Amino acid sequence: MKTSEFDYDLPHELIAQVPLANRTDSRMLVVHKNANYFEDSRFSNIVSLFHAGDVLVRNNTRVIPARLFGTKEETGAHVELLLLRQEEDDVWECLVGNAKVVKPGVVVSFHDGRLKAKCVSIGEKGIRRMKMIYDGIFNEILDSLGNVPLPPYIKEKLDDPERYQTVYAKIRGSAAAPTAGLHFTDEIFAKLQEVGVIIADVTLHVGLGTFRPMDTEEVEEHVMHSEWIHMPVETAEILNKARQENRRIIAVGTTSARTLESVWNACGCFAEYTGDTSLFIFPGYEWHAVDCILTNFHLPKSTLIMMIASFAGKDLVLSAYRHAVKERYRFFSFGDCMFVTNE
């Protein structure tokens, strides 16, 4: 399967640069995967697509101010770090800009030395393991020195960093937001619960596995970067009961869907689980854990559009994307959304 099969033409002006004033004002393309058609709607109508007993699963990760700008101590060369995941003893896996100047032993200084990072080892494609050196509480230092890691296709300044967080963001650790969740408000969740929808949380800390572009010609040759996931026991119990009673499981975003499928593949059911996933979902994958997905519109030739194509069918999804372009939907992180339903 060719990566180029998942390409589509997107005018640059359709890439949303800022969030809408109200989270729920987004447009929503409803894709009926079994009936093979789609229709225009609005996210504010989403409650009407749910039934009593449905389980809505959301990713409660919280984006950290993971982008740091510093200088190499020896030469003053500018170095940018994107913190991807924390390891033991204050060591972080990082994606490094100007990585060629960061070799083992090199120290990068941030904000007059309030925070330093020493290169421990080199990985592929700009990855470095960096030992953080500081006095005090790391999260407090990061909150004061770090920057919100907006995607490179967003050029506008974000006035309120909380708009790149879901309203239910809780567990710190992501280098990017699970953007399908950005449309929800507490009021929408209250309405869903009023009609009998059960809300459950999982965690996937978004890293390279989600947002790194593919660079292989053949889809099957791509290797996913691993990301940390957690399913609490209470969520597993809710989901197993829903499966036993033939009630729908609806994932908010590709990260929630990937977590659900990863746990199912590892355990053969839903279970309390903590670990890494490098699951790559593309057409031909057999889905087990998800009945419907709410998702934003994804980059051409990305692993995320491949996941949605796997779920709803490549031809239907690409047709839906062409329709969204024609109707001038807003794309990517701050853009509109798609609800893929099994009805």
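Colleague: What makes strand 9 and strand 10 a pair?

Modeller: In this predicted model, strand 9 (residues 115-122) and strand 10 (residues 127-134) are joined by 7 bridges in the antiparallel sense. Two strands pair if there are at least two bridges between them, so strands 9 and 10, with 7 bridges, count as paired. One position to look at is I122, which stands opposite R128 in strand 10.

Colleague: Which strands make up the closed barrel?

Modeller: The barrel has 6 strands in the order 5-6-7-10-9-8, with antiparallel pairing. Neighbouring strands of this sheet are turned by 45° against each other on average, direction ignored.

Colleague: How do you know that strand 7 is paired with strand 6 and with strand 10?

Modeller: The bridges to strand 7 number 6 from strand 6 (residues 78-86) and 5 from strand 10. A pair needs at least two bridges, so both cases qualify. Both pairings are antiparallel. L83 has C94 in strand 7 as its bridge partner, and W92 has M130 in strand 10.

Colleague: What lies between strand 6 and strand 7?

Modeller: The two strands form a hairpin with 4 residues between them, and D89 in the turn has a positive phi of about 55°.

Colleague: Why is strand 7 called mostly covered?

Modeller: Of the 7 residues in strand 7 (residues 91-97), 5 are buried. For C94 the relative accessibility is 0%, and buried means under 20%, so C94 counts as buried.

Colleague: Why is C94 not in a disulfide?

Modeller: The closest cysteine sulfur, in C119, is 9.1 Å from the sulfur of C94. A disulfide requires two sulfur atoms within 2.5 Å, so 9.1 Å is too far for a bond. C337 fails the test as well, because its sulfur is 14 Å from the closest cysteine sulfur, in C292. The count of disulfides comes to 0.

Colleague: Is C337 buried or exposed?

Modeller: C337 is buried, because its relative accessible area is 0% and the limit is under 20%.

Colleague: Why is N60 called buried?

Modeller: N60 has a relative accessible area of 7%, which is under 20%, so N60 is buried. N60 is found in the loop between strand 3 (55-59) and strand 4 (61-63). Leaving aside neighbours within four places in sequence, N60 is in contact with residues including Y168, K170, D201 and T203.

Colleague: What makes the link between the side chains of N60 and T203 a polar contact?

Modeller: The distance is 2.6 Å. The cut-off for a polar contact is 3.5 Å, so this pair falls within the limit.

Colleague: How do you know that Y153 is buried?

Modeller: Y153 has 18% relative accessibility, and the limit is under 20%, so Y153 counts as buried. Y153 is found in the loop between helix 1 (138-145) and strand 11 (171-174).

Colleague: What does Y153 touch beyond residues up to four places away in sequence?

Modeller: Y153 touches I15, Q17, L299, F332 and S333. A polar contact of 2.6 Å joins the side chains of Y153 and S333. Y153 and A16 are 137 residues apart in sequence, but 8.9 Å apart in space, C-alpha to C-alpha.

Colleague: Which residues touch the most other members of the largest nonpolar core?

Modeller: L260, W287, V290, F331 and M338 do, in a core of 66 residues. A second, separate core has 29 residues, among them L68, A99, F110 and L142.

Methods: Residues numbered from 1 in each chain as written. Predicted model: local features only at pLDDT ≥ 70, side-chain atom pairs only at ≥ 80, totals over all residues. Heavy atoms only, no water. Core = buried A, V, L, I, M, F, W, Y, C linked by side-chain atoms within 4.5 Å. Buried < 20%, exposed > 50% of the residue type's maximum accessible area, 1.4 Å probe, protein only. Contact = heavy atoms within 4.5 Å. Polar contact = N/O pair within 3.5 Å; in protein donor to acceptor, adjacent residues only side chain to side chain. Axes fitted to C-alpha atoms, helices over the stretch in contact; angles between N-to-C directions.
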